[in-house]
Amino acid sequence: MRPMLALPLMVLTAAAPAAAPKTPTEIVAAAPTSAWRTIPAGDLLVMELKGGGRVVIQLAPLFAPVHAENIRELARHGWWDGSAIYRVQDNYVVQWGKNESADPLPMAVVAKPPAEYARSARGLKITPLGYADAYAPRAGFIAGWPVGHDPKTGTANLVHCYGYVGVGRDLSPDTGTGGELYAVIGHAPRHLDRNIAVVGRVISGIERLSALPRGTEALGFYKERSQDVPIASIAMASQLQESARPSFQYLDTASASFAAYVRARANRKDDFFIRPAGGVDLCNAAVPIRATPAR
């Protein structure tokens, strides 16, 4: 009878539990300081409503340089002081300005800007979204901004996401001076892309605009001028005293943190989600922006 061989003792250890998937909010909160970019005060437009409340808009001179400079010039001269919000169309836009006023424009304002609806993408680093877009051959991000991108024409354009700001205009060839502006307060009207100059985005106070009473006339215009929402002032942040200047940063869209954020937006696997979407719309991957202490 052969002796039985002693078998080595097998020690079983329990596998460590897998780390819970991080939410997009957790990824943004953990982003290192090096992944954030400060928005220059010269790119921040500050609207003070007469009834109280501040709205801050980041301008996009990289995409609409002439319109952006017109807006800066109008703000520096106080051109909008005493103007009003006169149109609030449900699920669409809020519009403000002087509504075809005859008030003269400051001398430095370009009365007929070029059609800054798209620009050359040459030399610009595009971070791909990684998912199909219904309104452009490709979609991605350039320097913190969501863009549609056409490799064949070599162009890129800003898009009409929620809170984004465009220039009101008449029929082409008019392109608008920048004196009449609107902000998107509804489902992203991407059909407007490449038809109107997108000049920025509301980065603080969009609730001040989206909660306004809706206009009852065609296209959401207020019927009576008494319904208009008066604007106390619109100025560049660089015009304000340092203690009163807003300060913001955006998450670098070329950073590893932003890439992880977009992946998480497309594939939510945290406890609440049952089925990850497996994709994300360009406007649903909003570039994170945070307020920072004034210097």
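Which strand does β1 (residues 36–38) pair with, in which sense, and over how many bridges? Strand β1 pairs with β15 in the antiparallel sense, over three bridges. Two strands count as paired here if DSSP finds at least two bridges between them. Helices (H or I, at least four residues) and strands (E, at least two) are DSSP runs, numbered from the N terminus.

Before going on, a word on the model. It is a predicted one, in which local features need pLDDT of at least 70 and side-chain atom pairs count only at pLDDT 80 or more, while totals for chains, interfaces and linings use all residues. Residues are numbered from 1 along each chain as its sequence is written, and side-chain values use heavy atoms, with hydrogens and water left out.

**The annotated span and its barrel**

An unreviewed UniProt entry carries the annotation "domain: PPIase cyclophilin-type" for residues 53–241. UniProt positions follow the numbering used here, feature names are shortened, and annotations may be inferred rather than shown by experiment. In the model this span is 9% helix and 31% strand, and its end C-alpha atoms lie 18 Å apart.

Eight strands close into a barrel, with antiparallel pairing, in the order β2-β3-β13-β11-β12-β5-β4-β14. From one strand to the next, the twist averages 35°. Strands of a sheet pair through backbone hydrogen bonds, either parallel or antiparallel.

Here are some bridge partners, from the barrel and from β15:

| Residue | Bridge partner | Strand of the partner |
|---|---|---|
| Q95 | Y182 | β12 |
| G166 | V198 | β13 |
| V167 | L181 | β12 |
| W36 | L251 | β15 |
| Q249 | R290 | β16 |

Strand β5 (residues 93–97) is joined to β12 (residues 181–184) by four bridges in the antiparallel sense. Strand β11 pairs with β13 over three bridges, again antiparallel, and β11 also pairs with β12 in the antiparallel sense over three bridges. The side chains of β11 split between two directions: Y164 and G166 point one way, V165 and V167 the other, and all are buried. Buried means under 20% relative accessible area, exposed over 50%, and partly exposed in between, with a 1.4 Å probe and protein chains only. In a regular strand the side chains alternate between the two faces of the sheet.

**Helix α2 on the sheet**

Helix α2 (residues 65–76) packs on the sheet, touching β2 (44–49), β3 (54–59), β11 (164–167), β12, β13 (198–204) and β14 (229–236). Its direction makes about 105° with that of β14; axes are lines fitted to C-alpha atoms, for helices over the stretch in contact, and angles run from 0 to 180 degrees between N-to-C directions. At 1.5 Å a residue, the 12 residues of α2 should span 16 Å, and the end C-alpha atoms are indeed 16 Å apart. The expected span is 1.5 Å times one less than the number of residues.

The buried residues of α2 are H67, A68, N70, I71, R72, E73, L74 and A75. One of them, N70, has a relative accessible area of 2%. Not counting residues up to four places away in sequence, N70 touches A108, V109, V110, P113 and T177, where contact means heavy atoms within 4.5 Å. After α2 comes G78, whose phi is positive, near 65°.

**The disulfide**

The structure holds one disulfide, a term used for a pair of cysteine sulfur atoms within 2.5 Å. C161 and C283 form this link, with their sulfur atoms 2.1 Å apart. The link is left-handed, with -85° about the S-S bond. C161 lies in the loop between β10 (155–158) and β11, and C283 in the loop between α4 (256–266) and β16 (289–291), so the pair ties together parts that are 122 residues apart in sequence. C161 is buried, with a relative accessible area of 4%.

**Around α4 and β15**

In α4, the buried residues are S257, F258, Y261, V262, A264 and A266. Their cover includes α1 (24–29), β8 (138–142) and β15 (248–251). In β15, F248 and Y250 point one way and Q249 and L251 the other, and all are buried. Strand β15 is also joined to β16 by three bridges, and these two strands run antiparallel.

Finally, T23 sits in the segment before α1. T23 is buried, with a relative accessible area of 17%. Leaving aside neighbours within four places in sequence, T23 is in contact with R268 and D270.
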